[in-house]
Amino acid sequence: MQFRVGYYLYAILFLMFDVETVFLFPWSVVVRSLGVSGLISILFFLLILVLGLAYAWKKGALKWK
């Protein structure tokens with residue numbers, strides 16, 4: 001059975017953002033001991049994550065056709 005390419009792209013984007021959010025858990029466990037540098041690094045990580053989501057949204061990759 002064949003599927004359209006859009007389904008695969010949607011699944012890959014879901015997995016990519018799902019795996020990246022898994023990296024937030026270890027940070028949240030030790031957030032107090034990291035200090036300001038830890039906060040800045042996680043904000044940078046979240047910025048990259050949001051920019052990737054905005055790029056995928058702008059390209060129309062998240063539209064279910």
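How many helices and how many strands are there in the chain? The chain has three helices and zero strands. The model shown in these views is predicted.

**Figure 1. Overall fold of the chain, with its elements in the order α-α-α from the N terminus.** The chain is more spread out than a compact globule, because its radius of gyration is 16 Å, well over the 11 Å that the globule rule gives for 65 residues. Taken along the principal axes, the box filled by the C-alpha atoms is roughly 50 × 25 × 10 Å. Of the 65 residues in the chain, 12% are buried. The chain exposes about 5800 Å², and carbon and sulfur atoms supply 75% of this area.

**Figure 2. The largest nonpolar core, made up of five residues.** The members are Leu 13, Phe 17, Leu 49, Ala 56 and Ala 61. Two helices, α1 (5-22) and α3 (31-58), each supply at least two residues of this core. In soluble globular proteins, nonpolar side chains tend to be buried together. The next three views take up individual members of the core.

**Figure 3. Close-up of Phe 17 in helix α1.** Is Phe 17 buried or exposed? Phe 17 has a relative accessible area of 15% and is buried, because the cut-off for a buried residue is under 20%. Residues up to four places away in sequence aside, Phe 17 touches Leu 49, Gly 52 and Leu 53. One of these, Leu 49, is also a member of the largest nonpolar core. A further residue for orientation is Ser 33, which is 16 residues from Phe 17 along the chain. The C-alpha atoms of Phe 17 and Ser 33 are separated by 26 Å.

**Figure 4. Close-up of Leu 49 and its contacts.** Which residues does Leu 49 contact, leaving aside its neighbours within four places in sequence? They are Phe 17, Glu 20 and Thr 21. Among them, Phe 17 lies in helix α1 and belongs to the largest nonpolar core together with Leu 49.

**Figure 5. Close-up of Ala 56 in helix α3.** Ala 56 counts as buried, at 6% relative accessibility. With neighbours within four places in sequence left aside, Ala 56 is in contact with Leu 13, Ala 61 and Leu 62. Leu 13 and Ala 61 are, like Ala 56, members of the largest nonpolar core. Asp 18 lies 38 residues from Ala 56 along the chain, and the C-alpha atoms of the two are separated by 14 Å.

**Figure 6. Close-up of Leu 51, an exposed residue in helix α3.** The relative accessible area of Leu 51 is 52%, so this leucine counts as exposed under the cut-off of over 50%. Ile 12 is 39 residues from Leu 51 along the chain. Between the C-alpha atoms of Leu 51 and Ile 12 the separation is 17 Å.

**Figure 7. A nonpolar surface patch made by Met 1, Phe 3, Tyr 7 and Tyr 8.** The patch has an area of about 530 Å². One of its residues, Tyr 7, lies in helix α1. Is Tyr 7 buried, partly exposed or exposed? Tyr 7 is partly exposed, because its relative accessible area of 32% falls between the 20% and 50% cut-offs.

**Figure 8. Close-up of Gln 2 in the segment before α1.** The relative accessibility of Gln 2 is 78%, so Gln 2 counts as exposed. How many residues apart along the chain are Gln 2 and Gly 38? They are 36 residues apart, and their C-alpha atoms are separated by 46 Å.

Note on methods:
Residues numbered from 1 in each chain as written. Predicted model: local features only at pLDDT ≥ 70, side-chain atom pairs only at ≥ 80, totals over all residues. Heavy atoms only, no water. Core = buried A, V, L, I, M, F, W, Y, C linked by side-chain atoms within 4.5 Å. Buried < 20%, exposed > 50% of the residue type's maximum accessible area, 1.4 Å probe, protein only. Helix = DSSP H or I, 4+ residues; strand = E, 2+ residues; numbered from the N terminus. Contact = heavy atoms within 4.5 Å. Rg over C-alpha atoms; globule rule 2.2 N^0.38 Å. Areas by Shrake-Rupley, 256 points an atom, 1.4 Å probe, with all protein chains shown as cover. Patch = residues over 30% accessible without salt bridge, like charges linked within 9 Å, V, L, I, M, F, W, Y side chains within 5 Å. Salt bridge = Lys/Arg side-chain N within 4 Å of Asp/Glu carboxyl O.
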